[in-house]
Amino acid sequence: MVSPETSDSKPSQNRRPDAPDAPDSEPPKPVPTRIVLAMQGVTKSYPNGRVALRGVDLMVPEGDFVFLVGPSGAGKSTVIKLLIRDELPTKGLVLLDGRDLGRLKRRDVPKVRRRIGVVFQDFKLLPNKTVRDNVGFALEVTGARAKDIAPAVDRVLRVVGLTGQADQLPGQLSGGEQQRTAIARALVHNPRLFIADEPTGNLDPVISWEIIQLLLRINELGVTVLMATHNAEVVTAVRKRVVALENGRIVRDEVGAAYHRED
Ligand SMILES: Nc1ncnc2c1ncn2[C@@H]1O[C@H](COP(=O)(O)OP(=O)(O)O)[C@@H](O)[C@H]1O
Ligand SMILES: [Mg+2]
């Protein structure tokens, strides 16, 4: 945690731990909302001159569930690439837990990335590893101790409902089960922020709905969720915050909005 002193959500968090308790007569201070991610004036031009984002401002408080919508080419994946520091902004700031990702030292990148769980439309599973090993491998490469890996893997497989498929290979799974494996792998580090880029893009409506239910459940467990999607039905049915991008700009940011697909 970058700033452990602010991770305490009690109203007393601004006081030093050794400060005496406030007298009862003192009015309660409002609980400051933690901002998990913030983009400030972000412009992104790719080397070929294509401008993908233009002056984007976005604040996502802890515990939020955000749908990022907009037509193909609007800049949704670029937002996600900036958040996982796959790309750097041309202008502006991208902050994760108040930390400027653009100024992150190279050696700190993996540590920060581990605090974000990411899944994509294609599941990117290792075809020759079982479900259990796909998930466990994600911990193994970070140097986790062998004895800690198995219980962590069991826990996330329970969360995504794949305990019974733990020893199967990805090729023996349905699309929905493959995406749930990818979600388990993204969760195994206990991320603060869970990002999904069109996670239901390859799935039929019933299975897509199951994946959304799972992301809502992950959000209920306290993880902030940002999901880029084209799935208008889902966005309209789930009354959550909707941030709409068009041509690299945020054109709408509302809670519980319907989403009318334009492409
Ligand atoms: N690596 C890249 N190089 C050049 N242009 C890119 C690159 N990635 C995306 N773009 C362009 O940036 C714009 C936004 O793309 P993207 O963020 O992928 O949108 P979305 O995910 O909403 O479909 C598009 O015009 C796209 O062609
Ligand atoms: Mg995209």
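The sheet in this predicted model is open and has 6 strands, with mixed pairing. Reading across it, the order is β6-β7-β8-β3-β9-β10. Two strands pair on one side only, and these form the edges: β6, residues 116-119, and β10, residues 249-255. From one strand to the next, the twist averages 15°.

Let me turn to one pairing within the sheet. Strands pair through backbone hydrogen bonds, in either a parallel or an antiparallel arrangement. Strand β3, residues 65-69, and strand β9, residues 241-246, run parallel and are joined by 4 bridges. In β3, residue V69 has A244 of β9 standing opposite.

I now come to the helices that lie across these strands. Helix α5, residues 175-187, lies across β6 and β7, the latter being residues 193-197. The direction of helix α5 is at about 165° to β6. Helix α6, residues 205-220, lies across β3, β7 and β8, where β8 covers residues 224-228. Relative to β8, helix α6 runs at about 155°.

Finally, the ligand. Which residues surround ligand 1? The shell consists of Y46, N48, R50 and A52, then G70, followed by S72, G73, A74, G75, K76, S77 and T78. The largest share of this shell, 3 residues, is contributed by helix α1, which spans residues 76-83. How many residues of each class does the shell around ligand 1 have? There are 7 polar, 3 nonpolar and 2 charged residues.

To close, I would recall the two parts of this account: the open sheet with mixed pairing, and the shell around ligand 1, to which helix α1 gives the largest share.

Technical notes: Residues numbered from 1 in each chain as written. Chains lettered and ligands numbered in written order. Predicted model: local features only at pLDDT ≥ 70, side-chain atom pairs only at ≥ 80, totals over all residues. Near = placed C-beta within 6 Å. Nonpolar A, V, L, I, M, F, W, Y, C, P; charged D, E, K, R; others polar. Pairing = 2+ DSSP bridges. Axes fitted to C-alpha atoms, helices over the stretch in contact; angles between N-to-C directions. Contact = placed C-beta atoms within 7 Å.
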